[in-house]
Amino acid sequence: MKQDMIIILDLGSTENTTLAREIRALGVYSEIYPHDITASELKTLSNVKGIIIYGGPNNIIDGEPIDAGKHIYESGCPIMTIAHSRVKCNNEYPDWETAFPHLKDFVFDICKATANWNMKNFVDDQVELIRRQVGDKKVLLALSGGVDSSVVAALLIKAIGSQLVCVHVNNGLMRKGESEYVVDVFGKQLDTNLIYVDATERVLTKLERIADPEEKRKIIGIEFIRIFEEGARRLGGTNAISFLAQGTIYPDIVESGTKTVKVVKSHHNVGGLPDDMQFALVEPIRQLFKDEVRACGLELGLSNEMVFRQPFPGPGLGVRCLGAITRERLEAVRESDAILREEFKQTGLDKKVWQYFTVVPDFKSVGVRNYIRTYEYTVIIRAVNSIDTMTATIEEIEWPILQKITARILAEVKNVNRVCYDLSPKPVSTIEWE
Ligand code: XMP
């Protein structure tokens, strides 16, 4: 392995990810693990130069304060303990600001780590890890066509070439033209092993009358895995394929809930996995933040257009068609999203704004068209900027552009008589509505 690593044990700090990014900013790779990592799990990790035990306000589980196991303290690795500033009053522990200069000393002087974290080394290490994990077995990749799964595809092609089989599932919740794009880029231009499955009817039928966002996400996630399992069986029995690769990234894991962090929302490639799943997972970018995923894609030679596409959630338009999905409202989300994307492209905003989409809530309001009363749905426009998805700010779109988009949606999208613009940053809101 090329990269040295400092691992952070999550003892309930809310700043674990900030710390990981601070260490990576020093040029040293860092990964976060649960506080109860076992001795054998620890042994499987290569090049661990030091361990940071990071406590904080969430370090109580089931009424008991948690600590790292004895094997951690006896592992022989240099250890640094940081407690949340709340605990600082007894002056035993430094808070974040005073801890940071110590961090540099710890990483370089005590752990003797080398600043060798860069995308080239990351890719080389992942290629080696993937080959070690997979051997000569086949891997199935859920290729949505989004940045994350595309980067995973490129990594796997580099690592195991034709052992990779990509499946693109159209679950009926894709953006307009999206499935066609995936088939064109991966199936035709990149000549990947690609199987296309149209599961629209199946998924939409399962989602009928399901209004709870978490339940919707779980159903979409479970169906997605089942469809893959069936795909694998069709490819010559379940033995033919042993692994499922996924484009899970670090914020997905945090927000799906760790041992110390409660669920924000279960990201569909993490929380919704059925217990009896028949694949082992390959998740080579699970420790990366979004900006790092893009850098990894560029390192692998993916085009700018592919790497800088706006993120699209695993559950697709399903979490933008709020409450129980109806085909009528789903069509309104899809068509209004297509108009928004077209207009953003035309004004160059697509290169500037990080993520933009439309949402259709499950209520109607009164309007008037050609002197006749209407009672129809609302489209909400959302356009946000973010670096790593953990926080987001609102794009200040010029009024005439918003007015043009509004006029087009009202004229072209069926069953819609009102358009709103969402001004809420993350936090307090999340980027998606469900
Ligand atoms: P939230 O809504 O959590 O979204 O602020 C943060 C970013 O993640 C995307 N997102 C998802 N991506 N699976 C994904 O791969 C998911 O289940 C999922 N949910 C949200 C969202 O679009 C935004 O970019």
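Is L204 buried or exposed in this structure? Select L204 and you will find that it is buried, with a relative accessible area of 9%, where buried means under 20% relative accessible area, exposed means over 50%, and partly exposed lies in between, using a 1.4 Å probe and protein chains only.

Before you go on, note that this is a predicted model, in which local features need pLDDT of at least 70 and side-chain atom pairs count only at pLDDT 80 or more, while totals for chains, interfaces and linings use all residues. Residues are numbered from 1 along each chain as its sequence is written, and side-chain values use heavy atoms, with hydrogens and water left out.

**Around L204**

Widen the selection to helix 8, residues 200–207, which holds L204; helices (H or I, at least four residues) and strands (E, at least two) are DSSP runs, numbered from the N terminus. Leaving aside residues up to four places away in sequence, L204 touches N171, L173, R327 and L330, a contact being heavy atoms within 4.5 Å. Add T326 as well, whose C-alpha atom is separated by 8.5 Å from that of L204, although the two are 122 residues apart along the chain.

**The second largest cavity**

Next select N171, V203, I220, E223, F224 and I227, which line the second largest cavity. On a 1 Å grid over the protein atoms alone, a cavity is a set of points where a 1.4 Å probe fits but cannot get out, and lining residues have an atom within 4 Å of a point. This cavity has a volume of about 30 Å³, a volume being the space filled by probe spheres set on the points, which are joined across faces, edges and corners. Helix 9, residues 213–234, gives the largest share of the lining, 4 residues.

**An aromatic pair**

Now move to Y29 and F122, both of them buried. Their ring centres are 6.0 Å apart and their planes are at 65°, so the pair is edge-to-face; rings of Phe, Tyr and Trp (its six-membered ring) pair if their centres lie within 6.5 Å, and planes under 30 degrees apart count as stacked, over 60 as edge-to-face and the rest as tilted. Because Y29 lies in strand 2 (residues 29–34) and F122 in helix 5 (residues 119–134), the pair ties together parts that are 93 residues apart in sequence. Add W117 to the selection, since Y29, W117 and F122 form one aromatic cluster.

How values were computed. 1 Å grid on protein atoms, 1.4 Å probe; cavity = no way out; pocket = protein on both sides within 12 Å on 5 of 7 lines; lining within 4 Å.
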